[in-house]
Amino acid sequence: MARSAGRAEPPEAPVIDVRQLTKTFRRDGVGTTVLDAVSLRLDAGRIGGVIGPSGAGKSTLARCINLLERPTGGQVLVDGTDLVALDDRALQAARRRIGTIFQSASLLSSRTVTENVALPLELAGVPRADRRRRVAELLDRVGLLAHAHAHPAQLSGGQRQRVGIARALALRPAVLLSDEATSGLDPETTASILALLRELRDDLGLTILLITHEMDVVRDVCDEVALLRDGRIVEQGPITSLVTDPDSALGRGLVPQRP
Ligand code: ADP
Ligand code: MG
């Protein structure tokens, strides 16, 4: 294809670009390396999965990507900015690019659904009227407008996870990071949460990284997948080629189905 000089479009940079991420926990002078040179890229609007058995380092990876845990080495680029290199103040702002959801939605039990979703907006200093409008929009998107004034204890597990998703999206992140968000939900509820995530990707162009031990989750919703074992990525690629390839670890079902 002919290209005019200097006008070539650069290849699109990935939204998430984890490079050679290492995490060593040190206790009593003894170091344990939990993540060993993990590299991972995800382009805008893609749903990527990281699957691995219990103890593989998945939660540590999630916590290093949003810098809740400081990596021992490597880089975490989000939209081209290396979070690891930022000072605390800059990191606080950059973290808003990543919304995180966890297995237990971690809602405040004393607050209503509305008040839970409003929390990040309050902390960011968003004025009250704007908060109210934004929360209504978010609850509508996750299908919980009718439960706006309920307390978490009055909701089902799937509904609580929807509140967690709405809260994670409050500050309009580019990335939604999920650590086992559907673990502990029944298959039907899991499917409805995955359908919601797909919808969010399609409607908002959200980039989603799903960290999970559940093969069904990866198979149902991910475009691509990385297999993490003992802190290393041992396989990585498009979901279609890996789960159907009898020579791949994923194709052979070598991921234990337990938390
Ligand atoms: P997964 O989420 O895949 O089950 P984790 O990331 O929770 O795995 O844990 C991976 C390994 O790291 C485990 O062996 C765990 O004991 C260890 N680990 C996690 N957090 C810490 C910590 N704060 N201090 C020491 N070891 C840790
Ligand atoms: Mg975990």
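Helix H1 lies across strands S1, S2 and S4 (73–78). The helix runs at about 65 degrees to S2. This is a predicted model. In it, H1 also gives the largest share of the shell around ligand 1, three residues. The protein has eight helices and ten strands, and its strands include a four-stranded open sheet and a six-stranded open sheet.

**Overall shape**

- The protein has 259 residues and a radius of gyration of 19 Å, which agrees with the value near 18 Å for a compact globule.
- The C-alpha trace spans about 50 × 50 × 50 Å along its principal axes.
- Buried residues make up 37% of the 259.
- Among contacts with a separation of 6 or more, 67% join residues 24 or more positions apart.

**Helix H1**

- H1 covers residues 58–65 and is mostly covered, with six of its eight residues buried.
- Which residues of H1 are buried? They are Lys58, Thr60, Leu61, Ala62, Cys64 and Ile65.
- Leu61 is also among the residues with the most contacts inside the largest nonpolar core.
- Just after the helix, Leu67 takes a positive phi of about 60 degrees.

**Ligand 1**

- The residues around ligand 1 include Gly52, Ser54, Gly55, Ala56 and Gly57.
- Lys58, Ser59 and Thr60 are also in this shell.
- Phe25, Thr32 and Val34 complete the list.
- S2 and H1 each supply at least two residues of the shell.
- Lys58 and Thr60 are thus listed around the ligand and are buried residues of H1.

**The four-stranded sheet**

- The strand order is S2-S1-S4-S5, the sheet is open, and the pairing is antiparallel.
- Why is one side of S2 and of S5 left without a neighbour in the sheet? Strand S2 (30–42) and strand S5 (81–82) stand at the edges, each with a single partner strand, so one side of each has no neighbour there.
- Strand S1 (residues 16–27) runs antiparallel to S2, and nine bridges join the two.
- Ile16 of this pair stands opposite Leu42 in S2.
- Arg27 has Val30 in S2 as its bridge partner.
- The hairpin of S1 and S2 has two residues between the strands, and there Asp28 takes a positive phi near 50 degrees.

**The six-stranded sheet**

- The order here is S6-S7-S8-S3-S9-S10, in an open sheet with mixed pairing.
- Strand S6 (98–102) and strand S10 (232–238) are the edge strands, and each pairs on one side only.
- On average, neighbouring strands of this sheet are turned by 15 degrees against each other, direction ignored.
- Strand S3 (residues 47–51) pairs with strand S9 (residues 224–229) in the parallel sense, over four bridges.
- Gly49 stands opposite Val225 in S9.
- S9 and S10 pair in the antiparallel sense, over six bridges.
- Arg229 has Arg232 in S10 as its bridge partner.
- The hairpin of S9 and S10 has two residues between the strands, and Asp230 in it takes a positive phi near 50 degrees.
- Helix H5 lies across S6 and strand S7 (175–179), and runs at about 165 degrees to S6.

**Helix H3 and the core**

- Helix H3 spans residues 113–123, and its buried residues are Val113, Thr114, Asn116, Val117, Ala118 and Leu121.
- What covers these buried residues? The cover includes helix H4 (128–141) and helix H5 (157–169).
- After H3 comes Gly125, with a positive phi near 80 degrees.
- The largest nonpolar core has 63 residues.
- Leu61, Val117, Ala166 and Leu209 have the most contacts inside this core.
- Val117 touches Val135, Leu138, Leu139, Val163, Ala166, Arg167 and Ala170, not counting residues up to four places away in sequence.
- In soluble globular proteins, nonpolar side chains tend to be buried together.

Terms used:
Residues are numbered from 1 along each chain as its sequence is written. Chains are lettered from A and ligands numbered from 1 in the order in which they are written. This is a predicted model: local features need pLDDT of at least 70, side-chain atom pairs count only at pLDDT 80 or more; totals for chains, interfaces and linings use all residues. A residue is buried if 20 or more other C-beta atoms lie within 10 Å of its own, exposed if 12 or fewer, and partly exposed in between; C-beta atoms are placed from the backbone. The radius of gyration is taken over C-alpha atoms; the globule rule is 2.2 Å times the number of residues to the power 0.38. Two residues are in contact if their C-beta atoms, placed from the backbone, lie within 7 Å. Two strands pair if DSSP finds at least two bridges between them. Axes are lines fitted to C-alpha atoms, for helices over the stretch in contact, and angles run from 0 to 180 degrees between N-to-C directions. A nonpolar core is a set of buried Ala, Val, Leu, Ile, Met, Phe, Trp, Tyr and Cys residues joined through C-beta atoms within 7 Å. A residue is near a molecule or strand if its C-beta atom, placed from the backbone, lies within 6 Å of it.
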